[in-house]
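Grab a pencil and work through these short exercises. Try each task before you read its solution.

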Amino acid sequence: MGFMLESMIGKSAAIDRAVAGEELTFDDGMELMNYENIHMLGATAELTRQKLVGDDVTFTASYYMNYTNVCAASCQMCAFYRKGDEDDAYTLSPEEIEKRVSSAEQLGATEVHIVGGFHPDLPLDYYEEMMKAIKQKHKNLTIKAFTAAEIFYLSKLTKNSIKEILTRLKNAGLDSMPGGGAELFHPEIRNKIVRGKCTGQEWLDTIEIAHNLGIKSNATMLYGHIEKPEHVIDHLIKIRELQKRTKGFLTFIPLKFSLDNTELENEHKVTQECSSLYDLKIIALSRLMLAGALNNISVYWVAYGKKLAQVALCNGGSDLVGTAFSEEIYRAAGKPTNSSLIELSNLVKEIKRNPVQRNTFFDQIQHFK
Ligand code: SF4
């Protein structure tokens, strides 16, 4: 890697600045998005990853649950939502949710990841009851629930402020928030991939309120559909700037767009999923653009498959998100989802890195020999 980097120094100002540990600008990001030497980009991201977080690859034992697939929105990039009158539309009661969480805890989960559609009829009490039902019986489980987009919708639906809603949910047991709903912030793209969801700025404002209330969260970016390089860089810089203010993001998770059964596919606006090379570029860019501000870069193996996930870990990634014991959103688009801690640790060992189980907040739980 050293030889490769030395031979390239001076050939890209942005690579030079990244190697020197400088914060990359929008123009640097654009240069790297258009940079054709994917190996050099990956090597630079790896150098940065090693300097910032070393050779550990972390993952959590996580249980994924979607409490409802009924959604008032109808995003063009989504295969999950139902309008409520279809045979497969569902909404789980707080008691059913608690039962599933109970099974997850027996499987070894340390966190539950709970998200759902924008249900137009569920009151705020439903969400509070859900939190309380879980916390009363599973004190040691971390509840990571509700995207900023769901919270924003709930605020509009119930006419309570975002701060009020988050405070009530936190008091009921909410520990942290996932990073979904961010998609791509730039309105040029967002308006073409989401319909009925908050704007990018509203997502950022909502998550900032959560961080200021002491609720940490993840951050995501949905890529691989109709975006251009400037939309990716814009998104990464907005995440970085917010992180500098709040330090509330735990990890950044680039999410590869999954094509099947979406409106974007049906209307032929996207005809194939992005290439693996583009996936690697996105992981490397995420590492380099966020360096120093947000140093956990997650590789979501559910979307990549385990083999590509290994390569992505060698292009700047340092975290595998988690076991995802059950994950219905990607399954709706035809992706297999189950894995265990041992499988994930083997995946890491095969690339000569150190597998480490973590909790939601990136505290280390166990090392695998
Ligand atoms: S992405 Fe979320 S908000 Fe949009 S339609 Fe799907 S479930 Fe609803």
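A disulfide is a pair of cysteine sulfur atoms within 2.5 Å. Keep in mind that this is a predicted model.

**Exercise 1.** Find out how many disulfides the whole structure has.

*Solution.* Start with the search of the whole structure: it turns up zero disulfides. Now check C274: the closest cysteine sulfur belongs to C78 and is 18 Å from the sulfur of C274, so that's too far for a bond. Next take C314, which is in no disulfide either: its nearest cysteine sulfur, that of C274, is 18 Å away.

**Exercise 2.** Decide whether C274, C314 and Q136 are buried, partly exposed or exposed.

*Solution.* You'll need the cut-offs: buried is under 20% relative accessible area, exposed is over 50%, and partly exposed is in between. C274 has 16% relative accessibility, so call it buried. C314 comes out at 32%, so it's partly exposed. Q136 reaches 60%, so it goes down as exposed.

**Exercise 3.** Locate Q136 among the helices, then work out how far apart Q136 and Q310 are in sequence and in space.

*Solution.* First, look at residues 124-137: they form helix α6, and Q136 sits in it. Then count along the sequence, where Q136 and Q310 are 174 residues apart. Finally, go from C-alpha to C-alpha in space, and you get 38 Å for Q136 and Q310.

**Exercise 4.** List the residues that surround the ligand and sort them by type.

*Solution.* Around the ligand you'll find C71, A73, S74, C75, C78, F80, Y81, F118 and K197. Sorting this shell gives seven nonpolar residues, one polar and one charged.

Key. Residues are numbered from 1 along each chain as its sequence is written. This is a predicted model: local features need pLDDT of at least 70, side-chain atom pairs count only at pLDDT 80 or more; totals for chains, interfaces and linings use all residues. Side-chain values use heavy atoms; hydrogens and water are left out. Buried means under 20% relative accessible area, exposed over 50%, partly exposed in between (1.4 Å probe, protein chains only). Helices (H or I, at least four residues) and strands (E, at least two) are DSSP runs, numbered from the N terminus. A residue is near a molecule or strand if one of its heavy atoms lies within 4 Å of it. Ala, Val, Leu, Ile, Met, Phe, Trp, Tyr, Cys and Pro count as nonpolar, Asp, Glu, Lys and Arg as charged, and the others, Gly among them, as polar.
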